[in-house]
Amino acid sequence: DANAGIDPDLLAAATARLSSAEAGAASAQAVLDALLLKSTLAGTVVDLSLQPGQWVAAGQPVITVADFSTWVVETQNLTEIELVNVAAGQPVEIVLDALPDVTLRGEVTHINARFAEVRGDITYTATVVLSETDARMRWGMTAAVRFLP
């Protein structure tokens, strides 16, 4: 009968093939997703030590991503004598060795509680966040930090 509609057996078979195809597509997408490297933060890739097709062990660093929206300077030579005059929130001036005529401003955001002994001196690391930047700055440049009163 032409008015009876779709044969239920044909519809069930077509539905089963569609479900099987959708499951296959989901499985293929999961395999593809497992091959993608994803960063947990937004930023710029500054180092890629990986070649296409190369296998790496789980947990091995393969890409370095930097967030250049905020610049941070870490001192590594704040002596115990200087430490007592430095606090979080304190303003600083920063001069990069590569840009000696440019003075940038920043603020101390953290001082490590753990000390290091360096050439007989007890030193602490202070973290400074810059509030000013220069387009010529590059990651890894050395700087002089002057703590302001």
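**Exercise 1. A surface patch**

Task: In this predicted model, identify which residues form the nonpolar patch on the surface and how much accessible area they have together.

Solution: The patch is made of Leu37, Val45, Leu48 and Ile63, and together these residues have about 360 Å² of accessible area. To place one of its members in the secondary structure, take Ile63, which lies in strand S2, residues 63-66. Its relative accessibility is 32%, and because the range for partly exposed residues runs between 20% and 50%, Ile63 counts as partly exposed.

**Exercise 2. Helix H1**

Task: Determine what span helix H1 reaches from its first C-alpha to its last, and which side chain contacts the backbone at its start.

Solution: Begin with the extent of the helix: H1 covers residues 8-34, which is 27 residues. Its span of 39 Å is close to the 39 Å expected at 1.5 Å a residue. Turning to the start of H1, a side-chain oxygen of Asp7 comes to within 2.8 Å of the backbone nitrogen of Asp9.

**Exercise 3. A three-stranded sheet**

Task: Work out the strand order of the open sheet that contains S4, S7 and S8, and explain why one side of each edge strand is left without a neighbour.

Solution: The order is S4-S8-S7, with antiparallel pairing. Strand S4 (78-79) and strand S7 (116-118) stand at the edges, and because each has a single partner strand, one side of each is without a neighbour in the sheet. Looking at one pairing in detail, S7 and strand S8 (residues 121-124) are joined over three bridges in the antiparallel sense, and Val118 stands opposite Asp121 in S8.

Before S7 comes the loop between S6 and S7, where Phe115 is found. With 44% relative accessibility, Phe115 counts as partly exposed, and its C-alpha atom is separated by 12 Å from that of Thr75, although the two residues are 40 residues apart along the chain.

**Exercise 4. Salt bridges around Glu93**

Task: State how many salt bridges the model contains, and find which residues are joined into one network by salt bridges that share partners.

Solution: Side chains of opposite charge can pair when their charged atoms come close. With a cut-off of 4 Å between a side-chain nitrogen of Lys or Arg and a carboxyl oxygen of Asp or Glu, the count comes to three salt bridges.

The pair Arg105 and Glu93 has its closest N and O atoms 3.4 Å apart. Because Arg105 lies in strand S6 (residues 104-111) and Glu93 in strand S5 (residues 91-96), this pair ties together parts that are 12 residues apart in sequence.

Another bridge is formed by the side chains of Glu93 and Arg146, at 2.6 Å from N to O. This pair links distant parts of the chain, with Glu93 in strand S5 and Arg146 in strand S10 (residues 143-147), 53 residues apart.

The side chains of Asp134 and Arg136 also meet in a salt bridge, at 3.0 Å from N to O. Salt bridges that share partners therefore join Glu93, Arg105 and Arg146 into one network.

**Exercise 5. Accessibility of the paired residues**

Task: Decide which of the residues in these salt bridges count as buried and which as partly exposed.

Solution: The cut-off for buried is under 20% relative accessible area. Glu93, at 16%, counts as buried, and Asp134, at 18%, counts as buried as well. On the arginine side, Arg105 counts as partly exposed at 39%, while Arg146 at 48% and Arg136 at 48% count as partly exposed too.

Note on methods:
Residues numbered from 1 in each chain as written. Predicted model: local features only at pLDDT ≥ 70, side-chain atom pairs only at ≥ 80, totals over all residues. Heavy atoms only, no water. Helix = DSSP H or I, 4+ residues; strand = E, 2+ residues; numbered from the N terminus. Expected span 1.5 Å × (residues − 1). Polar contact = N/O pair within 3.5 Å; in protein donor to acceptor, adjacent residues only side chain to side chain. Patch = residues over 30% accessible without salt bridge, like charges linked within 9 Å, V, L, I, M, F, W, Y side chains within 5 Å. Areas by Shrake-Rupley, 256 points an atom, 1.4 Å probe, with all protein chains shown as cover. Buried < 20%, exposed > 50% of the residue type's maximum accessible area, 1.4 Å probe, protein only. Pairing = 2+ DSSP bridges.
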